[in-house]
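Work through the following exercises with the sequence and the coordinates at hand. Each task is followed by a solution that goes step by step.

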Amino acid sequence: VVIFSVFYFFLDVDFGGKFIAVLLLIIPYVFTIVALNIFLGSLVKTIQQFNALIPIVTISMAMLGGALWPLEVVESKIILMLSKFMPIKYGIDLLYSLVAYDLPFLELMYPFSILLLMGVLMMGLGIHFIEKRHV
């Protein structure tokens, strides 16, 4: 919220006149990223392993999810298939569909629900693995 507010209030980025809607649509993405971190934290044993794993995961997610280059220019079917498992792809789809194309909320439900599904699955698995390790 702070980063988007800085862009909106200080750098005059308009967000297509939908600033509040943009803030609401980043909620499932933030939830999914928190769930991913809980899941990754449940897989490692030490904080050093976690600190080594996070840059690897974030850079790969950005590359495969379309944050570093648009997925429209990618021709590899393997990379396009892998991009469907990256939360950042659906976060970008949500914001781009709202701001650039002004799609109605029902059209945004697909990436919204995929993000929530990813978040619930990763959160559930992460909590399960953490409980299993400590019991």
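**Exercise 1.** Determine how many helices and strands the protein has, and describe its overall extent and surface.

*Solution.* In this predicted model, the assignment gives 7 helices and 0 strands, and reading along the sequence accordingly yields the pattern α-α-α-α-α-α-α. The next step is the extent: along its principal axes, the C-alpha trace spans about 50 × 35 × 30 Å. The accessible surface comes to about 8,900 Å², and carbon and sulfur atoms account for 74% of that area. Of the 135 residues, 33% are buried. Finally, for contacts between residues at least 6 apart in sequence, 59% join residues that are at least 24 apart.

**Exercise 2.** Find the mean positions of the positive and negative charges and state how far apart they are.

*Solution.* The protein carries 7 positive and 8 negative charges. Taking the mean position of each set and then the distance between the two means gives 17 Å.

**Exercise 3.** Identify which residues of the largest nonpolar core touch the most other members, and which helices supply the core.

*Solution.* The largest nonpolar core has 27 residues, and those touching the most other members are L25, L36, L40, L94 and M122. At least two residues of this core come from each of helix 2 (19-25), helix 3, helix 4 (47-65), helix 6 (87-99) and helix 7 (109-134). Helix 7 gives the most, with 6 residues. As a worked case, take L94: leaving out residues up to four places away in sequence, L94 touches L25, P28, L108, P111, F112 and L115. As a general background, nonpolar side chains in soluble globular proteins tend to be buried together.

**Exercise 4.** Classify S42 and I38 as buried, partly exposed or exposed, and list their contacts beyond four places in sequence.

*Solution.* Begin with S42, which lies in helix 3 (residues 27-43). Its relative accessible area is 7%, and because buried means under 20%, S42 is buried. The side chain of S42 reaches the backbone oxygen of F39 at 2.6 Å, while the contacts of S42 beyond four places in sequence are G126, F129, I130 and R133.

Turn next to I38, which is also found in helix 3. With a relative accessible area of 28%, I38 falls between the limits of 20% and 50% and is therefore partly exposed. Beyond four places in sequence, I38 is in contact with M123, G126, I127 and I130. As a last step, compare I38 with G66, which is 28 residues away along the chain: their C-alpha atoms are separated by 23 Å.

Notes: Residues numbered from 1 in each chain as written. Predicted model: local features only at pLDDT ≥ 70, side-chain atom pairs only at ≥ 80, totals over all residues. Heavy atoms only, no water. Helix = DSSP H or I, 4+ residues; strand = E, 2+ residues; numbered from the N terminus. Buried < 20%, exposed > 50% of the residue type's maximum accessible area, 1.4 Å probe, protein only. Contact = heavy atoms within 4.5 Å. Areas by Shrake-Rupley, 256 points an atom, 1.4 Å probe, with all protein chains shown as cover. Lys, Arg positive; Asp, Glu negative; His and termini not counted. Charge placed at Lys NZ, Arg CZ, Asp CG, Glu CD. Polar contact = N/O pair within 3.5 Å; in protein donor to acceptor, adjacent residues only side chain to side chain. Core = buried A, V, L, I, M, F, W, Y, C linked by side-chain atoms within 4.5 Å.
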